[in-house]
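Student: I've got a model open and I'd like to learn how to read it feature by feature. Can we go through it together?
Tutor: Sure, let's put it on screen and start with how helices pack.

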Amino acid sequence: MDYDVKVVAGQLLLLSKSLAPGHKEDVVQSLLFAQLYANSRADKFCQALEWDKYQVKALQEARWITTLVQTRSNQPSPRQVMSVSRLLTLQLGSVLEEGASVRLDAVSRALTALARTPVARQVFDEACLMRTAMCVTEDSAPASRVSLQVTLVEPGALAVSIQIGFTTRVAFADDLLTRRFSGLDVDGAVVTSVTRTELDIPNYARVRSKILTALGTQQETLVVEVGVPLVSAEWAGRSET
């Protein structure tokens, strides 16, 4: 299955190419609206639960219907080695059903492409990463607070989204998605939330003008295309024998 890939502020969005162009615009605009509304009401890094509540409220206002919410809190083992990309694909793999391998490959390629697309990565990092001097001691590095989302939208505007949040002693730079770190570097638990939603497109049409007015010109800087290679990262660079 092919996807168009965009960064929508702090969300990596994979849109099925089977979606009508107008419906893709509706999805992008409504998801951006939900993030910005939540940002205006709470700090997503320091008030994560409150931020989530406001995002859900905004999604409901934009006529998204939620059919599933699963939240997990996991304390990594000290020896566990991970990366943000790996965390995302592992968590998605636990909830995707039919066609999971194809969708996971699409997400993997999208994450690889994002890491190699400077403009999109900058928008994404600015919305997903907060570097903080909190919890710093003489023996520790500055901390990073991470909060990001990846969403796949299938035909019919059916979406599955995963959100990951955690604090780490790793000082991320431009390597948020790819840098490897251990459980020892994580301060507290890694919290993941998986949701399934559906955009009620006919009803969204009734509030579209309100959403667009609220967004103003912010789409111009917060929505960025990500070019994805035709082959997966696993095969990139290999030659035929």
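Student: At what angle do helix 3 and helix 4 pack, and how far apart are their axes?
Tutor: Keep in mind that we're looking at a predicted model. Helix 3 (residues 84–93) packs on helix 4 (residues 100–115) at about 165°, and the axes are 10 Å apart. Angles over 145 degrees count as roughly antiparallel, so helix 3 is roughly antiparallel to helix 4. Helix 3 passes helix 4 in a right-handed crossing.

Student: Which residues meet between helix 3 and helix 4?
Tutor: From helix 3 you have S85, L88, T89, L92 and G93, and they meet L104, V107 and L111 of helix 4.

Student: Let's try another pair. At what angle do the axes of helix 1 and helix 2 cross?
Tutor: Roughly 140°, with the axes of helix 1 (residues 21–41) and helix 2 (residues 48–61) coming within 8 Å. That angle makes helix 1 oblique to helix 2. As for handedness, helix 1 passes helix 2 in a right-handed crossing. On the helix 1 side the meeting residues include L31, F33, Y37 and R41, and on the helix 2 side they include W51, Y54, Q55 and E61.

Student: And how does helix 1 pack against helix 6?
Tutor: Helix 1 and helix 6 (residues 201–215) pack at about 55°, with axes 10 Å apart. The two are therefore oblique to each other. This crossing is left-handed. Among the residues of helix 1 that meet helix 6 are H23, D26, L32 and F33; on the helix 6 side, Y204, R208 and I211 are among those involved. You'll notice F33 in the list for helix 2 and again in the list for helix 6.

Student: Now single residues. Is Q163 buried or exposed?
Tutor: For this one, start with the relative accessible area and then look at the partners. Q163 comes out at 12%, so it is buried. Its place is in strand 7 (residues 158–168).

Student: Which side chain makes a polar contact with the side chain of Q163?
Tutor: That's D52, at 3.1 Å. Beyond its neighbours within four places in sequence, Q163 also contacts W51, Q55, S147, L148, Q149, V191, T192 and S193, along with D52 itself. W51 and Q55 are also among the helix 2 residues that meet helix 1.

Student: What about backbone angles? Which residues other than glycine have a positive phi?
Tutor: Two to look at here are R63 and A157. R63 has a phi near 75°, and A157 has one of about 60°. R63 sits in the loop between helix 2 and strand 3 (64–74), while A157 is in the loop between strand 6 (143–154) and strand 7. Their surroundings read differently too: R63 is partly exposed because its relative accessible area is 30%, whereas A157 is buried, at 0%.

Student: How far apart in space are A20 and G156, C-alpha to C-alpha?
Tutor: For this kind of question, set sequence separation beside spatial distance. A20 and G156 are 136 residues apart in sequence, yet 9.4 Å apart in space. A20 belongs to the loop between strand 2 (11–16) and helix 1. At 33% relative accessible area, A20 is partly exposed.

Student: What separates the C-alpha atoms of D125 and Q11?
Tutor: The distance is 9.9 Å, with the two positions 114 residues apart along the chain. D125 is in helix 5 (residues 118–128), and its relative accessibility of 10% makes it buried. Outside its neighbours within four places in sequence, D125 contacts A173, D174 and L176.

Student: Let's zoom out. How many helices and strands are there?
Tutor: Seven helices and 10 strands. Of the 241 residues, 48% are buried. Among contacts with a separation of 6 or more, 71% are between residues 24 or more positions apart.

Student: What is the mean pLDDT of the protein?
Tutor: It is 87, and 89% of the residues reach 70 or more. Over residues 230–241, though, the pLDDT is below 50, and that stretch has seven contacts in the model beyond near neighbours in sequence. Where pLDDT is low, the predicted coordinates should not be read in detail.

How values were computed
Residues numbered from 1 in each chain as written. Predicted model: local features only at pLDDT ≥ 70, side-chain atom pairs only at ≥ 80, totals over all residues. Heavy atoms only, no water. Helix = DSSP H or I, 4+ residues; strand = E, 2+ residues; numbered from the N terminus. Buried < 20%, exposed > 50% of the residue type's maximum accessible area, 1.4 Å probe, protein only. Polar contact = N/O pair within 3.5 Å; in protein donor to acceptor, adjacent residues only side chain to side chain. Contact = heavy atoms within 4.5 Å. pLDDT = per-residue confidence, 0-100. Axes fitted to C-alpha atoms, helices over the stretch in contact; angles between N-to-C directions. Parallel < 35°, antiparallel > 145°, perpendicular 65-115°, else oblique. Left-handed = near helix turned anticlockwise from the far one by under 90°.
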